[in-house]
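I opened a fresh page for this one. My plan is to look up the aromatic pairs, then a polar side chain, then the nonpolar cores.

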Amino acid sequence: MLLITSIIVAILTIIFIRLSFAVIGLRRKNKVGLGSGGHEDLERAIRTQANFAEYIPLGVILIACLELNGAPWWLVAIPGVSLIIGRLIHAKGMNTPPPDFSKRVLGMKFTFFTLIALVVLNLGWSLYRLVV
């Protein structure tokens, strides 16, 4: 059962939909069908949504693997919450004109450290399960 992963994925999906609606709204406002049309706010929104879409899948896969392999709920939930927080901080930093690079960098640190932690947790938990 992937209960914790399901909750994390639901929250991440809500965030992704929100980012997508921001792109759609700016495309309509600026009458741009493809690309950013040279509009900086639309370019930021597009890259924020795309960056989210680029990093989330690996995190979700690693979280699901951890849960499927029987890790305690808190060992699954903590990196899931960290990934959500990192992506929210990054999106805020990307969409604050001019871009707030401190929040953007902090969001990426959360994301990268979480992904690295998930790799280590998956390897460690798998080794633990093989030994015990």
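**Aromatic rings first**

I start with Phe 112, and with a reminder to myself that this model is predicted. Is Phe 112 buried, partly exposed or exposed? I looked it up: Phe 112 has a relative accessible area of 38%, so I put it down as partly exposed.

Next I searched the whole structure for aromatic pairs and got 3 of them. In one, Phe 112 meets Tyr 55 edge-to-face, with 5.5 Å from centre to centre and 85 degrees between the planes. I checked where the two partners sit: Tyr 55 belongs to helix α2 (residues 40-68) and Phe 112 to helix α4 (residues 101-131). They are 57 residues apart, so this pair links distant parts of the chain. Tyr 55 is partly exposed too, at 22% relative accessible area; the buried label needs a value under 20%.

Another pair I noted is Trp 125 with Tyr 128, which is tilted: 5.0 Å centre to centre and 40 degrees between the planes. How far apart are these two along helix α4? They are 3 residues apart, so about one helical turn separates them. I compared their exposure as well: Trp 125 is buried at 16%, whereas Tyr 128 is partly exposed at 44%.

**A polar side chain in α4**

I stayed in helix α4 and picked Asn 122. Its relative accessibility is 10%, so Asn 122 counts as buried. What does Asn 122 touch, leaving aside neighbours within four places in sequence? I found Leu 62, Cys 65 and Leu 66. For Leu 66 I have a distance as well: a polar atom of the Asn 122 side chain lies 3.3 Å from the backbone nitrogen of Leu 66.

**Following Leu 66 into the core**

Leu 66 came up again when I turned to the nonpolar cores. The largest one has 20 residues, and Leu 12 and Leu 66 are those with the most contacts inside it. Which helices supply at least two residues each to this core? My list reads α1 (3-30), α2, α3 (73-94) and α4.

I then wrote out the contacts of Leu 66, not counting residues up to four places away in sequence: Ala 71, Leu 75, Val 76, Leu 118, Leu 121, Asn 122 and Trp 125. Asn 122 and Trp 125 are both on that list, which ties it to my earlier entries.

Last entry: another core, of 6 residues, lies apart from the largest one. Its members include Leu 26, Val 32, Ala 45 and Ile 46.

Technical notes. Residues numbered from 1 in each chain as written. Predicted model: local features only at pLDDT ≥ 70, side-chain atom pairs only at ≥ 80, totals over all residues. Heavy atoms only, no water. Phe/Tyr/Trp six-rings, centres within 6.5 Å; stacked < 30°, edge-to-face > 60°. Helix = DSSP H or I, 4+ residues; strand = E, 2+ residues; numbered from the N terminus. Buried < 20%, exposed > 50% of the residue type's maximum accessible area, 1.4 Å probe, protein only. Polar contact = N/O pair within 3.5 Å; in protein donor to acceptor, adjacent residues only side chain to side chain. Contact = heavy atoms within 4.5 Å. Core = buried A, V, L, I, M, F, W, Y, C linked by side-chain atoms within 4.5 Å.
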